[in-house]
Amino acid sequence: MITTAFTMVALVSLWVAAQALLFSGVSHDRAQALLYQDFRSQLAETTAPLGPVVPAGDPVAILSIPAIGLDEVVVEGTASGDTLVGPGHLRSSVLPGQVGSSYVYGRAGTYGAPFGDITDLRPGDVVETTTAQGVTALTVLGVRRDGDPKPPPPAAGVARLVLVSVEGEGRLAALSADTTVFVDAEAVDAFPAPSGRPTTVPDPEKILATDPGALPLLALCLALLLALTLGVVAARQRWSAVLVWVMASPLAIALAWMTTDTVMRLLPNVI
């Protein structure tokens with residue numbers, strides 16, 4: 001009985017670690033494929049959002065950076081749950097390509113790590129955004145980190161895009177990154193920005209923030225995992241180990257997958 005329980009715990013723990021570091025990219029790629037299909041349809045039907053208020057999680061732009069091979073759909077919102085599927089647009093800023101400053105947060109080490117290579121960008125590299133208003137080609141000004149001087153505010157009529165992520169050192173840099181990095185890019189030809197966007201965002205949507213609202217769901221996931229473990233222990237008393245594990249493993253993996261997604265919402269939104 002004790003051996004079975006430890007085996008179950010080990011299976012779930014290993015899967016959680018593997019998903020966070022390896023398999024989360026599969027989840028990200030699937031979400032991106034669905035978002036891309038949805039957003040392209042909206043563009044074709046002229047129903048894509050212009051701002052200023054867009055429901056969290058909805059696609060708002062396509063972000064392409066040829067220099068680092070990045071091609072991502074940007075969603076509205078920067079909470080940890082939003083950035084699981086791709087880069088997130090800070091709701092208190094204008095949309096990419098609009099006059100003013102637009103901020104987009106992206107993960108550096110998990111769930112596809114879309115912003116894992118943005119520190120490789122150099123001045124003059126091109127960042128292209130596609131929104132309901134059209135395509136904007138922005139030129140990278142440079143990369144900066146915490147404490148570095150900020151560039152002056154954008155001039156009148158200029159669109160600025162700030163890509164925000166983190167970096168760290170060592171083998172577990174993906175999970176222990178603690179230095180915020182910024183990439184500034186500008187375009188002289190910009191689209192008008194509608195008024196009325198929020199002036200602030202909730203704490204879970206700020207840089208390196210976590211989402212404590214995921215705690216009830218995590219408690220439910222852990223309770224289901226505990227129930228499954230007890231069920232496996234009881235089943236082993238009546239049926240063969242092979243039969244029990246064949247039946248229980250898919251359920252354990254599904255619950256572990258859900259648990260990992262929930263745990264990631266309790267970690268910083270750009271890790």
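How many bridges join strand 6 to strand 8, and in which sense do the two strands run? The close-up views below take up this pairing and its surroundings in a predicted model.

**View 1. Strand 6 against strand 8.** Six bridges join the two strands, which run antiparallel. Arg144 of strand 6 stands opposite Phe182 in strand 8. Arg144 also reaches Asp184: their side chains meet in a salt bridge, 2.6 Å from N to O. Asp184 lies in strand 8 and Arg144 in strand 6 (residues 134-145), so the salt bridge ties together parts that are 40 residues apart in sequence. Both partners are buried. Asp184 has a relative accessible area of 4%, and Arg144 has 10%. Each value is under 20%, which is why each residue counts as buried.

**View 2. The barrel and its closing pair.** Eight strands close into a barrel, and the pairing is mixed. Their order is 1-2-3-4-7-8-6-5. Strand 1 (residues 59-65) pairs with strand 5 (residues 126-131) in the antiparallel sense, over three bridges. Here Leu63 stands opposite Thr129 of strand 5.

**View 3. The hairpin of strands 5 and 6.** Strand 5 and strand 6 form a hairpin, with two residues between them. They run antiparallel and are joined by six bridges. Thr131 stands opposite Gly134 in strand 6.

**View 4. The largest nonpolar core, centred on Val127 for this view.** In soluble globular proteins, nonpolar side chains tend to be buried together. The largest nonpolar core here holds 23 residues. Leu63, Ile118, Val127 and Leu163 touch the most other members. Strand 1, strand 2 (70-76), strand 6, strand 7 and strand 8 each give two or more residues to this core. What does Val127 contact, leaving aside its neighbours within four places in sequence? Its partners are Leu63, Ser64, Ile65, Thr136, Ala137, Leu138, Val140, Leu161 and Ala185.

**View 5. A second nonpolar core.** This core is separate from the largest one. It has eleven residues, including Leu90, Ala177, Val201 and Val270.

**View 6. Arg160 and Glu186.** The structure holds six salt bridges. In one of them, the side chains of Arg160 and Glu186 meet at 2.4 Å, N to O. The pair links distant parts of the chain, 26 residues apart. Arg160 sits in strand 7 (residues 159-167), and Glu186 in strand 8. Arg160 is buried, with a relative accessible area of 8%.

**View 7. A salt bridge between two loops.** The side chains of Arg91 and Glu205 meet in a salt bridge, 2.7 Å from N to O. Arg91 belongs to the loop between strand 3 (88-89) and strand 4 (100-105). Glu205 belongs to the loop between strand 8 (179-187) and helix 3 (215-236). The two residues are 114 residues apart, and the pair links distant parts of the chain. Is each partner buried or partly exposed? Arg91 counts as partly exposed at 21% relative accessibility, whereas Glu205 counts as buried at 9%. The cut-off for buried is under 20%, so Arg91 falls outside that class.

**View 8. A nonpolar patch on the surface.** Trp239, Val242, Leu243, Val246 and Met247 form this patch. Together they have about 550 Å² of accessible area. Val246 is found in helix 4 (residues 241-265). At 53% relative accessibility, Val246 counts as exposed, because the cut-off for exposed is over 50%.

Technical notes: Residues numbered from 1 in each chain as written. Predicted model: local features only at pLDDT ≥ 70, side-chain atom pairs only at ≥ 80, totals over all residues. Heavy atoms only, no water. Salt bridge = Lys/Arg side-chain N within 4 Å of Asp/Glu carboxyl O. Helix = DSSP H or I, 4+ residues; strand = E, 2+ residues; numbered from the N terminus. Buried < 20%, exposed > 50% of the residue type's maximum accessible area, 1.4 Å probe, protein only. Patch = residues over 30% accessible without salt bridge, like charges linked within 9 Å, V, L, I, M, F, W, Y side chains within 5 Å. Areas by Shrake-Rupley, 256 points an atom, 1.4 Å probe, with all protein chains shown as cover. Pairing = 2+ DSSP bridges. Core = buried A, V, L, I, M, F, W, Y, C linked by side-chain atoms within 4.5 Å. Contact = heavy atoms within 4.5 Å.
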